[in-house]
Amino acid sequence: MDNKFPDNFLWGAASSANQSEGGYKEGGKGLTLTDVFPNASSGRFEAMQHFDEALNKKFDYCPSHIATDFYHRYEEDIKLLNEMGVKVYRTSINWARIYPKGNEKIPNQEGLSFYRKVFETCHEYGIEPVITLNHFDTPLYLYEKYGGWSDRKLVDYFVRYAKTVMSEYKELVKYWLPFNEINMVAHIPLVGGLVNVHGKENPAQLIYDAAHNQLLANALTVKAAREINSAFRVGSMLAAGKYYANTCAPEDVLTGIYKDWMDYLFTDVQVFGKYPFYIKRYFKENKVTLNISKEDEEILMNNTVDFVALSYYSSRVVSGDTGNKDFGSGNVAKTLRNPYLETTSWGWQIDPIGLRIVLNELYDRYEKPLFVVENGLGATDELLDDDRVEDDYRIRFHQQHIAQMREAIEDGVEVIGYTPWGTIDLVSASTGEMSKRYGFIYVDLDNDGHGSYRRIKKKSFDWYKNVIRTNGKEL
């Protein structure tokens, strides 16, 4: 195709603090959820299921403690991103590095200084930071003291933190995402909201208490952002992926609509400023009663987001037939197998056209600029003797998804940027593995934390560099 992306399109890179930073006890940082999780081989999934027991257990190896050592290597990493030509770098601030317990009144100056150096380095290389404030790293103390986001006190603590960093970096950061994949609190409440529903009588009540508190905190962050710097742009961030009906049976179609609704609930509130009609029945049938005051309603209505950011990895397939057991893997969301799609080594179904579908549906629904801030392929890469990684499969994945994103733009969708996930290899959030690699840059590190930590450019590095250079014209 001859058409290219808009001239101001934000080609970038993406990572998170808890998966790349390390330095988990350095610079006055407090603990977060990932700091007490081992990798897959040491019982990561069991720790998620039995969290209170995991808190009292010492694991041999927790990947986040060192991760890929961005804490000490950020200059090298940002220089590599500059060499690739990226315009924006989406990463996160670890809340516990600024407020170690989460509820202090005075911020940790060492943490503030660290991120200032990171953002200043980005600007030295002509890279605009895009910053997530809570990427699954609520301070662990707030779980131990309050039970996580189901307690309304966390709203005030988060807003204090948000005001602190937005004021501190008001000349360095323009784009802010208060919560990463905010709908994950409904799918994996421990990770998304530091809420442990295991064995609880009414998990839905805890989940949607937490969800409401995060939505309220998001709106108050938007309010604060506009007061601190009118040039700030604050977005929602949704874990997106269309739910396809397994057949044209009306029950399947209705199930797909319902599943989409339950994810769109979060962005509906953030964009429209109120809870949608369809959630009332769910709350009634699941005995959920939210304590929403008139003041809450006004805060939500008056502080809606400027754009909608999203992660996209895969589509899902659902059926109204509860006896259908042909399940595949689809990140966190449960999905039936789609016979028309290839799958990754971890069973995730690869659906580039699904990205175009999602972008069209979100833009039709919200009429807000869209920003694809996560999209990538987790795969096992082989480092060859001459420091080559021939990751043609990753190039093909991104080629196909970028092509469909371009089709969506041709459809009339306003897409402002694309930041591939894990541009520099990082620790997998779901498994704690390094072998599940996403990056265009290889990090010499294995699943048990052994390696030189060297950064090595993969074949995909030069490919993506050319994509950016040609503004998406050459894929």
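Trainee: Which helix holds R73?

Mentor: R73 lies in helix α4, residues 70–84. Keep in mind that this is a predicted model.

Trainee: Why does R73 count as partly exposed?

Mentor: Set the value against the cut-offs. Buried means under 20% relative accessible area, and exposed means over 50%. R73 has 24% relative accessibility, so R73 counts as partly exposed.

Trainee: What does R73 touch, not counting residues up to four places away in sequence?

Mentor: R73 touches T68, S452, Y453 and R455. Contact means heavy atoms within 4.5 Å. Y453 is 380 residues from R73 along the chain, yet their C-alpha atoms are separated by 9.5 Å.

Trainee: What makes N338 count as buried?

Mentor: N338 has 12% relative accessibility, and the limit for buried is under 20%, so N338 counts as buried. N338 is found in the loop between β10 (335–336) and β11 (342–343). Leaving aside neighbours within four places in sequence, N338 is in contact with Y244, V317 and Q349.

Trainee: How do you know that C62 and C122 are buried or exposed?

Mentor: Use the under-20% limit again. C62 has 7% relative accessibility, so C62 counts as buried. C122 has a relative accessible area of 1%, so C122 is buried.

Trainee: How many disulfides does the structure hold?

Mentor: Zero. A disulfide needs a pair of cysteine sulfur atoms within 2.5 Å, so no pair of cysteines here is called one.

Trainee: Why is strand β2 called largely enclosed?

Mentor: Five of the five residues of β2 (residues 88–92) are buried, so the rest of the structure largely encloses this strand. V88, R90 and S92 point one way, Y89 and T91 the other way, and all are buried. In a regular strand, side chains alternate between the two faces of the sheet.

Trainee: What makes β1 and β2 a pair, and which way do they run?

Mentor: Strands pair if DSSP finds at least two bridges between them. Three bridges join β1 (residues 10–14) to β2, so they qualify, and they run parallel. In β2, the bridge partner of A13 is Y89. β2 also pairs with β3 in the parallel sense, over five bridges. There, S92 has T132 of β3 as its bridge partner.

Trainee: How do you know that strand β7 is mostly covered?

Mentor: Count the buried residues. In β7 (residues 307–312), six of six are buried. Both faces are covered: F307, A309 and S311 on one side, V308, L310 and Y312 on the other.

Trainee: Which strands do bridges join to β7?

Mentor: Six bridges join β5 (residues 233–240) to β7, running parallel. G235 stands opposite F307. Four bridges join β7 to β13 (residues 370–374), also parallel. A309 stands opposite F371 there. Two bridges are enough to call strands paired, so β5 and β13 both pair with β7.

Trainee: Why does the span of helix α8 agree with its 16 residues?

Mentor: At 1.5 Å a residue, α8 (residues 153–168) should span 22 Å. Its end C-alpha atoms are 23 Å apart, so the two agree.

Trainee: Which residues of α8 are buried, and what covers them?

Mentor: L154, V155, Y157, F158, V159, Y161, A162, T164, V165 and M166 are buried. Their cover includes α5 (95–98), α6 (109–124), β3 (128–134), α7 (141–146), β4 (175–179) and α11.

Trainee: Which residues touch the most other members of the largest nonpolar core?

Mentor: I93, W176 and Y208, out of 112 residues. Helix α11 (residues 203–228) gives the largest share of this core, twelve residues. Leaving aside neighbours within four places in sequence, Y208 is in contact with residues including A186, M262, F266 and L290. A second, separate core of 16 residues includes F37, C62, Y143 and V191.

Trainee: How do you know that the radius of gyration of the protein chain agrees with a compact globule?

Mentor: With 475 residues, a compact globule would have a radius near 23 Å. The protein chain has 21 Å, which agrees. Along its principal axes, the C-alpha trace spans about 60 × 55 × 45 Å. Of the 475 residues, 60% count as buried. The secondary structure comes to 17 helices and 16 strands. Among contacts between residues at least 6 apart in sequence, 76% join residues at least 24 apart.

Note on methods:
Residues numbered from 1 in each chain as written. Predicted model: local features only at pLDDT ≥ 70, side-chain atom pairs only at ≥ 80, totals over all residues. Heavy atoms only, no water. Buried < 20%, exposed > 50% of the residue type's maximum accessible area, 1.4 Å probe, protein only. Core = buried A, V, L, I, M, F, W, Y, C linked by side-chain atoms within 4.5 Å. Expected span 1.5 Å × (residues − 1). Rg over C-alpha atoms; globule rule 2.2 N^0.38 Å.
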